[in-house]
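User: I am new to this structure and would like some help reading it. Could we go through it together?

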Amino acid sequence: MVSAIRSFIAPLIKVCRERIASIEINATDGVYCNGTVDDFGGCFNVTKAGDTKRINCPFFFNKKGFVYKACSEDGEWLKSDYHGCREQSYEEDDAMFPVYVFIGGYSVSIILLMISLFIFFYFPQLRCGRVTVHRNLFMSYILTGLSWILYYILVTFNGEVLLRNPVWCQMLHVFTYFCMVCNYFWMFCEGFYLHTILIRVFSNGKSLIVVCHVTGWVFPVIPTAVYASVRSSDPVSTLKCWNPYSNYLWIIYGPIMASLVLNIIFLVNIVRLLMTKLKRVPEAAQTKKAAKATLVLIPLLGLHNLLLPVRPEYGSSMEKVYTFLVAISLSLQGSFVSIIYCFCNAEVTTILKRKWKQYMLMRGTGMNLGVSTYSTTENGHAEMVSEDVGQGTGGHRPVQL
């Protein structure tokens, strides 16, 4: 470990020695300690005997503290004191709290999303273009959550990894942002698919699904590759597993913001089309349906991220509140979407109830159960199948809705 640290901070040691050598000292009165550099790259100038020198913690400690080094009465340096750089303070605990919120929120979202995916894949009645887009969005949520959890646990919480800056942690950083871009682009695909179905630009639903797959999984490779190549060419931005914020991240955030703007346009037009189709409905009912559609689509299209657009000033009383709200909204977004579009979906709940009643009937605890279920065709129309299940007979009849 010591050899790895010395290898990593060798440039700091070199710069310190050059700076010390360039300083001319006129120490004829009294005893002094000569300028020195320690094993962590801490650079200490000439100091009078009996005094203590204080410098900022080296950058790789990721902490705003100080290093102390005392000069003895004999003009000899004592051991550097790095306790202020290593001890966890209450302020640091507060700073790490949002990370724990992220991990907890992503974990809950991943569990709910995996259950939702199982439901979508298991029941053939749910195999249609709209659900296909939902499945891919849910998978992008899971990949994003898993990658962020791994990055927090393996990198952010591990000072040695940050210090050594291995290649795998840099690759994990790039993969995490790739998953994040895919996630936002599948939100865009949700808006694009729904908007296109409403205006019927594509006559072939399969062609639309192919476009969504390319947009959601292939196109994010471009901004991610550009970001990785540009940032890797800057030695300062590649330190600490690329953990510090970098202006190069706008290469990632630019396409994300563009997708959110397009989803706003889709949402406005979708609501407009909905209001047009509800002209014969009373005005109060129109407003209620439009408001409900808007509220349901906001988390699906990722537009709730625009509710917190501006970060408060660093160190202000609202900064902690802002950070907490961002951690909650981002990490639990997958949970909200899975609950709204799976667990609270009428088609899904009907199918699950039917399956449960069939299970209870097979166990001999139910008889003469009347069940209605829905299946969705590829063109988006719903088909209701009413089924009467008895002890020995059963039948079904399809009804087009």
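Analyst: The discussion below takes up confidence, disulfides and the nonpolar cores in turn.

User: What kind of model is this, and what is the average pLDDT of the chain?

Analyst: This is a predicted model. The chain averages a pLDDT of 78, and 74% of its residues score at least 70.

User: Where is confidence lowest and where is it highest?

Analyst: The lowest confidence is in strand 9 (residues 394–400), with a mean of 37. The highest is in helix 9, at 95. Over residues 1–5 the pLDDT is below 50, and that stretch has six contacts in the model beyond near neighbours in sequence.

User: Over which other residues does the pLDDT stay under 50?

Analyst: Residues 366–401 also have a pLDDT under 50. The model gives this stretch 75 contacts beyond four places in sequence. Where pLDDT is low, the predicted coordinates should not be read in detail.

User: On to the cysteines. How many disulfides are there?

Analyst: The count comes to three disulfides, taking cysteine sulfur atoms within 2.5 Å as a pair.

User: What is the sulfur distance for C16 and C43, and where do these two lie?

Analyst: The sulfur atoms of C16 and C43 are 2.0 Å apart. C16 is in helix 2 (residues 10–22) and C43 is in strand 3 (residues 43–44), so this disulfide ties together parts that are 27 residues apart in sequence. The link of C16 and C43 is right-handed, with 85 degrees about the S-S bond.

User: Are C16 and C43 buried or exposed?

Analyst: C16 counts as buried, at 3% relative accessibility. C43 counts as buried as well, at 12% relative accessibility.

User: What about C33 and C71?

Analyst: C33 and C71 form a disulfide with their sulfur atoms 1.9 Å apart. That link is right-handed, with 90 degrees about the S-S bond. The pair links distant parts of the chain, 38 residues apart: C33 is in strand 1 (residues 32–33), and C71 is in the loop between strand 6 (66–70) and helix 3 (83–86). C33 is buried at 0% relative accessibility, and C71 is buried with a relative accessible area of 3%.

User: Which cysteine does C169 pair with, and why is that disulfide called left-handed?

Analyst: C169 is joined to C241, with an S to S distance of 2.0 Å. The torsion about their S-S bond is about -90 degrees, so the disulfide is left-handed. C169 belongs to helix 7 (residues 167–199) and C241 to the loop between helix 9 (221–232) and helix 10 (250–277), so the pair ties together parts that are 72 residues apart in sequence. C169 counts as buried at 0% relative accessibility, and C241 is buried with a relative accessible area of 0%.

User: Which cysteine sulfur is nearest to C344, and is C344 buried or exposed?

Analyst: C344 is in no disulfide, and the nearest cysteine sulfur, that of C342, is 9.2 Å away. C344 is exposed, with a relative accessible area of 57%.

User: Now the interior. Which residues touch the most other members of the largest nonpolar core?

Analyst: They are L126, L137, F138 and V155, in a core of 62 residues. Helix 7 gives the most to this core, with 12 residues.

User: What is L126 in contact with, leaving aside its neighbours within four places in sequence?

Analyst: L126 is in contact with I119, F120, V131, E347, V348 and I351. Apart from the largest core lies another, of 11 residues, among them F40, I55, C57 and Y82.

Technical notes: Residues numbered from 1 in each chain as written. Predicted model: local features only at pLDDT ≥ 70, side-chain atom pairs only at ≥ 80, totals over all residues. Heavy atoms only, no water. Helix = DSSP H or I, 4+ residues; strand = E, 2+ residues; numbered from the N terminus. Buried < 20%, exposed > 50% of the residue type's maximum accessible area, 1.4 Å probe, protein only. Core = buried A, V, L, I, M, F, W, Y, C linked by side-chain atoms within 4.5 Å. Contact = heavy atoms within 4.5 Å. pLDDT = per-residue confidence, 0-100.
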